[in-house]
Amino acid sequence: MATPYNLAYACFDCRKSFKRSLRGSTPDAYPKTMVCPDCSADAVCLGRHFKPPKRSDTTQWNKVKFLWEKGFRFQKIRVDAHSNDSVPYPNSMEEAKRFVAEYASHARFDI
């Protein structure tokens, strides 16, 4: 049996994040969207490493949505194949724009 992963889902409508424990080894086992338990809008999968901002922090939620729209699902980005070090995600929208330009080849729209 596969090890379960806790995946973070985020609703951009009500700025809520929640985790779901899912099992499986196929992409179908990890849905790209789920229904938000608060507002019933679509909540998108942002992976295991997503740390949500406070609900009231609209600036940070706008940055998260921008990154998601550009294909960044908060997966680890490793630029050196011989290292376990990963690139930190940006703290501001200005940094996010540079991040997207620099790491465009790491964008993933399939998860």
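Strands E1 (residues 5–11) and E2 run antiparallel and are joined by seven bridges. In this predicted model, the bridge partner of Leu7 is Arg20 in E2. The neighbouring pair sets Ala8 opposite Lys19, again in E2. Four residues lie between the two strands of this hairpin. Arg15 of the hairpin adopts a positive phi near 55°.

The E1–E2 pair belongs to an open sheet of four strands. The strand order is E2-E1-E4-E3, with antiparallel pairing. Strands E2 (16–22) and E3 (33–35) occupy the edges. Each has a single partner strand, so one side of each lacks a neighbour in the sheet. From one strand to the next, the twist averages 40°. In general, strands of a sheet pair through backbone hydrogen bonds.

Helix H1 (residues 58–69) packs on this sheet. The helix touches E1, E2 and strand E4 (42–47). Its direction makes about 75° with that of E4. H1 comprises twelve residues. The distance from its first C-alpha to its last is 16 Å, close to the 16 Å expected at 1.5 Å a residue.

Six positions of H1 are listed as buried: Gln60, Trp61, Lys63, Val64, Phe66 and Leu67. The buried set thus includes Lys63 and Gln60 alongside Trp61 and Phe66. Cover for these residues includes strands E1, E2 and E4. Helix H2 (93–102) also contributes to that cover. Just after H1, Gly71 takes a positive phi of about 100°.

At the level of the whole chain, the protein has two helices and four strands. The elements run β-β-β-β-α-α from the N terminus on. The strands of the sheet therefore precede both helices in the sequence. Of the 111 residues, 36% count as buried. Contacts between residues at least 6 apart in sequence were also examined by separation. Among them, 51% join residues at least 24 apart. The protein exposes about 7100 Å². Carbon and sulfur atoms supply 47% of that area.

Terms used: Residues numbered from 1 in each chain as written. Predicted model: local features only at pLDDT ≥ 70, side-chain atom pairs only at ≥ 80, totals over all residues. Heavy atoms only, no water. Pairing = 2+ DSSP bridges. Axes fitted to C-alpha atoms, helices over the stretch in contact; angles between N-to-C directions. Contact = heavy atoms within 4.5 Å. Buried < 20%, exposed > 50% of the residue type's maximum accessible area, 1.4 Å probe, protein only. Areas by Shrake-Rupley, 256 points an atom, 1.4 Å probe, with all protein chains shown as cover. Expected span 1.5 Å × (residues − 1).
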